[in-house]
Amino acid sequence: MIAAFLLGLTGSLGHCAGMCSGIVLLLQRSVPQLDRRGWFFIHAGRLTAYSLIGALAGALGGALGVVWVRLELVRGTAALYAALFGLYLAVVLAGWLPSPELLFPGPAAAWRRIFRRAAVRGSSPGALLLAGGVWGLLPCGLVLTAAFTAAVSAHPLTGAARMAVFGLATLPVLSAAGSLFNWLRGRSWPRYGAALAVALFSLQIGMRGLAAFGVVDHFHIARVMLW
C-alpha cells in the first residue's frame, strides 16, 4: 500500500501535472459552475474506475495462480513485469522516450472522443461520475504500472485497495493541475525527481520478483518486507 501511494504521489508530479492538466481545463470549460462538490464526484468516478481495474488485475493474478499452481511464481512474474514497465515509465518521465499512450494513437483518439462526450453531458452527479470514470480509463503508463502492482497481489480486493490508494495519492497534484503545470513548465528537476522515485520503486518491486524465484533473499525491516 505504501509503494502504491508513493507511485501515485511521485508519478503524478512528473506525469499527471503535464498530461492531465488538459483534461482539467476541458472539464472546467465543459461543465458549468464546476465547484468542489463537482470535483468530488469527478474524482470519485476516477477512483472507482481505478478500483475496478485493480480488482480485475488482482483477480487475473489469482486466476493465473490457480492455473500455474505456484502462486508465488505468478506474483514474482507480475512483479518483474511491473518493474520493467515502471523503469520504462521512469525513462518516459525523464523525457527520454515517448509515453506509452502516444505509441497507440488509435485507442488514445477513441478515448478522447468518449471522454469529450461524457464531459459535456452536464453537471449532475451521475454525469460527473461518468466523466470521472472515463478519465480513470485513460490509456496511461502510470496507471498501467499501478495495475501491474495490483496484479502482484493476486487478489481482487487487495488489488482494488492498492489502486484506490494509488488514485488517492494523485489527488494533491490533480487538484492543482492547472497552476502546477504552469509552475512546472521550464523546470526539469521535478521531472527527474519523479523519474528517480519511480525507478527506485520499480527496483524494489523487481527485487521482490527475483526473491520469488529464489535469485535473492527476501529482505525485511522489522515487519515490513521491502522485497
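This is a short chat about a helix pair and a cavity in a predicted model.

Colleague: Hi! How do helix 7 and helix 8 pack?

Modeller: Helix 7 spans residues 141-153 and helix 8 spans residues 156-175; they pack at an angle of about 150°, with their axes 8 Å apart.

Colleague: Roughly parallel or roughly antiparallel, then?

Modeller: Angles over 145 degrees count as roughly antiparallel, and helix 7 and helix 8 are therefore roughly antiparallel to each other.

Colleague: Is the crossing left-handed or right-handed?

Modeller: Helix 7 and helix 8 cross in a right-handed way.

Colleague: Nice. Which residues of helix 8 make the contact?

Modeller: Thr-158, Gly-159, Arg-162, Met-163 and Phe-166 do so on helix 8. Helix 7 contributes Leu-142, Val-143, Ala-146, Ala-147, Thr-149, Ala-150, Val-152 and Ser-153.

Colleague: And how many of the contact residues are nonpolar?

Modeller: Eight are nonpolar, with four polar and one charged making up the rest of the contact between helix 7 and helix 8.

Colleague: Switching topic: how many cavities of 30 Å³ or more does a search of the whole structure find?

Modeller: The search turns up one, and the largest cavity holds about 90 Å³ of space.

Colleague: Which residues are closest to its centre?

Modeller: Cys-16, Cys-20, Tyr-50, Cys-140 and Val-143 are the closest, out of 13 residues lining the largest cavity. Val-143 also belongs to the helix 7 side of the contact with helix 8.

Colleague: Which helices supply at least two residues of the lining?

Modeller: Helix 3 (36-68), helix 6 (125-136), helix 7 and helix 8 each do. The largest share, three residues, comes from helix 8.

Colleague: What's the character of that lining?

Modeller: In the largest cavity, ten lining residues are nonpolar, two are polar and one is charged.

Notes:
Residues are numbered from 1 along each chain as its sequence is written. This is a predicted model: local features need pLDDT of at least 70, side-chain atom pairs count only at pLDDT 80 or more; totals for chains, interfaces and linings use all residues. Side-chain values use heavy atoms; hydrogens and water are left out. Axes are lines fitted to C-alpha atoms, for helices over the stretch in contact, and angles run from 0 to 180 degrees between N-to-C directions. Helices (H or I, at least four residues) and strands (E, at least two) are DSSP runs, numbered from the N terminus. Angles under 35 degrees count as roughly parallel, over 145 as roughly antiparallel, 65 to 115 as roughly perpendicular and the rest as oblique. A crossing is left-handed if the near helix is turned anticlockwise from the far one by less than a right angle, and right-handed if clockwise. Contact means heavy atoms within 4.5 Å. Ala, Val, Leu, Ile, Met, Phe, Trp, Tyr, Cys and Pro count as nonpolar, Asp, Glu, Lys and Arg as charged, and the others, Gly among them, as polar. On a 1 Å grid over the protein atoms alone, a cavity is a set of points where a 1.4 Å probe fits but cannot get out, and a pocket is an open set with protein on both sides within 12 Å along at least five of seven lines; lining residues have an atom within 4 Å of a point. Grid points are joined across faces, edges and corners, and a volume is the space filled by probe spheres set on the points.
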